[in-house]
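Trainee: Got a minute? I'd like to go through this structure with you.
Mentor: Sure, ask away.

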Amino acid sequence: MPDFSGAPAVFRGGVAQVVITPPLGCSLAGYFHERIAESVRDDLHAKAMVLESQGERIALVSCDLVCLTTDIAEQSKALIESEVGIAPDHVLLCATHTHTGPEPRPSSWVPQATEWVAGLPRLIAKAVAEAASKMVPVTLRLGKAEAEGYAWNRLFRLKDGQEVFGKAGREDQVLGTAG
């Protein structure tokens with residue numbers, strides 16, 4: 001185990017968020033039937049953090065989407081590199097896996113919001129650029145926390161080795177969650 005009792009690491013860092021909510025009327029991802037966005041309760045965001053140490057920068061970006069495609073990721077990273085100067089292998093993109101956001105995949109159960117998807121890499125790069133423009137001295141420290149009852153895995157492993165979605169009517173066959 002590393003010794004974390006010494007002086008904390010000092011970096012420069014910045015954060016930003018950009019609204020990525022698609023227009024009303026787009027199909028929502030995450031179900032096996034089409035659902036249409038009829039209202040917005042909470043905006044969706046691309047949230048970026050840029051950290052710099054010894055002249056090297058990294059960007060961490062979380063998008064309120066069911067997933068990110070390779071195409072979206074590659075286009076976003078190319079824009080980030082050309083506009084912010086952060087190399088693609090120094091950019092981490094992830095999705096929160098919301099089931100109440102647009103469908104970013106071209107071939108899924110529901111139609112892709114093609115115009116919105118075409119503009120998404122620009123919005124992701126904008127979040128990184130804004131975070132990079134707001135950098136201030138920051139201190140990173142090791143921490144740990146637990147958040148119980150927040151989420152759960154709905155994929156279950158049965159005694160016969162199958163993995164199934166949901167356990168209704170099979171409670172006596174369930175060994176536990178599959179992940």
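Trainee: What pattern does the protein chain follow along the sequence?
Mentor: Keep in mind that this is a predicted model. Read from start to end, the protein chain runs β-β-β-α-β-α-β-β-β-β.

Trainee: And how many helices and strands is that?
Mentor: The protein chain has 2 helices and 8 strands.

Trainee: Is the chain a compact globule, or more spread out?
Mentor: More spread out than a compact globule. The radius of gyration is 20 Å, and the globule rule gives 16 Å for 179 residues, so the chain is well over that value.

Trainee: What does the C-alpha trace span along its principal axes?
Mentor: About 55 × 45 × 30 Å.

Trainee: How many of the residues count as buried?
Mentor: Of the 179 residues, 32% do.

Trainee: And what supplies the exposed surface?
Mentor: The chain exposes about 11,500 Å². Carbon and sulfur atoms supply 54% of that.

Trainee: What share of the contacts is between residues 24 or more positions apart?
Mentor: Take the contacts with a separation of 6 or more. Residues 24 or more positions apart account for 67% of those.

Trainee: Show me a buried residue, then. Where is Ser76?
Mentor: Ser76 sits in helix H1, which covers residues 70-84. Its relative accessible area is 0%, so Ser76 is buried.

Trainee: Which residues is Ser76 in contact with?
Mentor: Leave out neighbours within four places in sequence. Then Ser76 is in contact with Leu93, Pro121, Ile124 and Ala125.

Trainee: New topic: charges. How many positive and negative side chains are there?
Mentor: There are 17 positive and 22 negative ones. The centres of the two sets lie 4 Å apart.

Trainee: Why would charged side chains pair?
Mentor: Opposite charges can pair when the charged atoms come close. In this model the count comes to 5 salt bridges.

Trainee: Let's take one. Which residue does Glu52 form a salt bridge with?
Mentor: Arg12. The closest N and O atoms of Glu52 and Arg12 are 3.2 Å apart. Glu52 lies in strand S2 (residues 45-53) and Arg12 in strand S1 (residues 9-19), so the pair ties together parts 40 residues apart in sequence.

Trainee: Is Arg12 buried, exposed or partly exposed?
Mentor: Partly exposed, with a relative accessible area of 37%.

Trainee: What about Glu83, which residue does that one pair with?
Mentor: Glu83 forms a salt bridge with Arg122. Their closest N and O atoms are 2.6 Å apart. This pair links distant parts of the chain: Glu83 is in helix H1, Arg122 is in helix H2 (residues 114-133), and they are 39 residues apart. Glu83 is partly exposed at 42% relative accessibility. Arg122 is partly exposed as well, at 41%.

Trainee: And Arg41, what is its partner?
Mentor: Asp42, with the closest N and O atoms 3.3 Å apart. Arg41 is exposed, and Asp42 is too.

Trainee: Switching to the backbone. What is the usual sign of phi?
Mentor: Most residues other than glycine have a negative phi. Gln54 has a positive one, near 50°.

Trainee: Where is Gln54?
Mentor: In the loop between S2 and strand S3 (56-63). Gln54 is exposed, with a relative accessible area of 81%.

Trainee: What is phi for His97?
Mentor: His97 has a positive phi of about 70°, and it is not a glycine. His97 lies in the loop between strand S4 (91-95) and H2. At a relative accessible area of 46%, His97 is partly exposed.

Trainee: Now distances. How far apart are Val19 and Asp64 in space?
Mentor: They are 9.5 Å apart, C-alpha to C-alpha, and 45 residues apart in sequence. Val19 lies in strand S1. Leaving aside neighbours within four places, Val19 is in contact with Asp43, Leu44, His45 and Leu123.

Trainee: And how far is Leu175 from Met49?
Mentor: They are 40 Å apart in space, C-alpha to C-alpha, and 126 residues apart in sequence. Leu175 is in strand S8 (residues 174-177). Leu175 counts as exposed, at 59% relative accessibility.

Trainee: Last one: what is Leu175 in contact with?
Mentor: Beyond its neighbours within four places in sequence, Leu175 is in contact with Arg157, Leu158 and Lys159.

Notes:
Residues numbered from 1 in each chain as written. Predicted model: local features only at pLDDT ≥ 70, side-chain atom pairs only at ≥ 80, totals over all residues. Heavy atoms only, no water. Helix = DSSP H or I, 4+ residues; strand = E, 2+ residues; numbered from the N terminus. Rg over C-alpha atoms; globule rule 2.2 N^0.38 Å. Buried < 20%, exposed > 50% of the residue type's maximum accessible area, 1.4 Å probe, protein only. Contact = heavy atoms within 4.5 Å. Areas by Shrake-Rupley, 256 points an atom, 1.4 Å probe, with all protein chains shown as cover. Lys, Arg positive; Asp, Glu negative; His and termini not counted. Charge placed at Lys NZ, Arg CZ, Asp CG, Glu CD. Salt bridge = Lys/Arg side-chain N within 4 Å of Asp/Glu carboxyl O.
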